[in-house]
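Reader: I am in my first year and would like a close look at a single part of this model. Please take one helix, explain the terms as you go, and then show me where it sits in the chain.

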Amino acid sequence: MSSGVLGQYDTLHGTLDAIARLREAGHRDIEVFSPIPSPEIEEAMDIHSSPVRVWALTGAITGCTLGVLLTAGTSLAYPLVTQGKPLVSLPPFVVFMFELTVLLTGIFGLVALLVHTKRPVINLDPAYRTSFSVDRWGIFVPVNGEGHAAAEALVRETAAVDVEVQG
């Protein structure tokens, strides 16, 4: 269990205020628990975009490229000339390219989602409380050494309903 200070809040506004004050005090690696998805918290935590979209784009480009290479390679490896048509012709390959694009986009997106959300969760975070899934927000500030008192005082100054010191 890591040591730190856990503050529980009953309003989103109080949570956002606490995040802002903690970040102003230099705490950058705080962990926030929320009962609902909240873009306001992401903005307060300075999270701008998900890296999953880059993975999905990489999967799409890889799938389309593999679709072209597989179909063209197969046509060139096993040449079957029909009615004088070219061996490598794009229109018959489009369906296969599209299918591989969709397949690899989905696979890359799923893998990225699992990697970036650290799923599957085998052990819950020790700072997690069941109330964070119902009606409360939580902020865990990891603190080592002598920063406990200052972090605890800062969390108590905000609208924290409950404050726990761990470690």
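Author: The expected span of a helix is 1.5 Å times one less than its number of residues. With that rule, take helix α3 of this predicted model, which covers residues 52-77. Helix α3 has 26 residues, and the rule gives 38 Å for it. From the first C-alpha of α3 to the last, the model reaches 36 Å, close to that expected value.

Next comes the matter of what is covered. A residue counts as buried when its relative accessible area is under 20%, as exposed when it is over 50%, and as partly exposed in between. In α3 the buried residues are Val-52, Ala-56, Gly-59, Ala-60, Gly-63, Gly-67, Thr-71, Ala-72 and Ser-75. Part of what covers these residues is helix α4, residues 90-116.

One pair shows how α3 and α4 relate. Leu-103 lies in helix α4, and its C-alpha is 7.3 Å from the C-alpha of Gly-63, one of the buried residues of α3. In sequence, Leu-103 and Gly-63 are 40 residues apart. Leu-103 itself has 47% relative accessibility, so it counts as partly exposed.

Now the loops on either side of these helices. Before α3, the loop that follows α2 (39-44) contains Asp-46. Asp-46 is not a glycine, yet its phi is positive, about 65°. Its relative accessible area is 46%, so Asp-46 is partly exposed. After α4, the loop that leads to β3 (137-142) holds Pro-120 and also Lys-118. Lys-118 is another residue with a positive phi, about 55°, that is not a glycine. Because its relative accessible area is 68%, Lys-118 counts as exposed. In the same stretch, the peptide bond between Arg-119 and Pro-120 is cis, with omega about -5°. Most residues other than glycine have a negative phi, and most peptide bonds are trans.

For a contrast, look at Thr-15, which belongs to helix α1, residues 12-24. Thr-15 has a relative accessible area of 0%, so it is buried. Apart from neighbours within four places in sequence, its contacts are Tyr-9, Val-32, Trp-137 and Ile-139.

Finally, the setting of α3 in the whole chain. The chain has five helices and four strands, and from the N terminus their order is β-α-β-α-α-α-β-α-β. Along the principal axes, the C-alpha atoms fill a box of roughly 80 × 30 × 30 Å. The radius of gyration of the chain is 25 Å, whereas a compact globule of 167 residues would have one near 15 Å. Of these 167 residues, 30% count as buried. Taking contacts between residues at least 6 apart in sequence, 80% join residues at least 24 apart.

Two figures describe the surface and the charges. The accessible surface comes to about 10600 Å², and carbon and sulfur atoms account for 63% of it. The side chains include 10 positive and 17 negative ones, and the centres of the two sets are 7 Å apart.

Key:
Residues numbered from 1 in each chain as written. Predicted model: local features only at pLDDT ≥ 70, side-chain atom pairs only at ≥ 80, totals over all residues. Heavy atoms only, no water. Helix = DSSP H or I, 4+ residues; strand = E, 2+ residues; numbered from the N terminus. Buried < 20%, exposed > 50% of the residue type's maximum accessible area, 1.4 Å probe, protein only. Contact = heavy atoms within 4.5 Å. Rg over C-alpha atoms; globule rule 2.2 N^0.38 Å. Areas by Shrake-Rupley, 256 points an atom, 1.4 Å probe, with all protein chains shown as cover. Lys, Arg positive; Asp, Glu negative; His and termini not counted. Charge placed at Lys NZ, Arg CZ, Asp CG, Glu CD.
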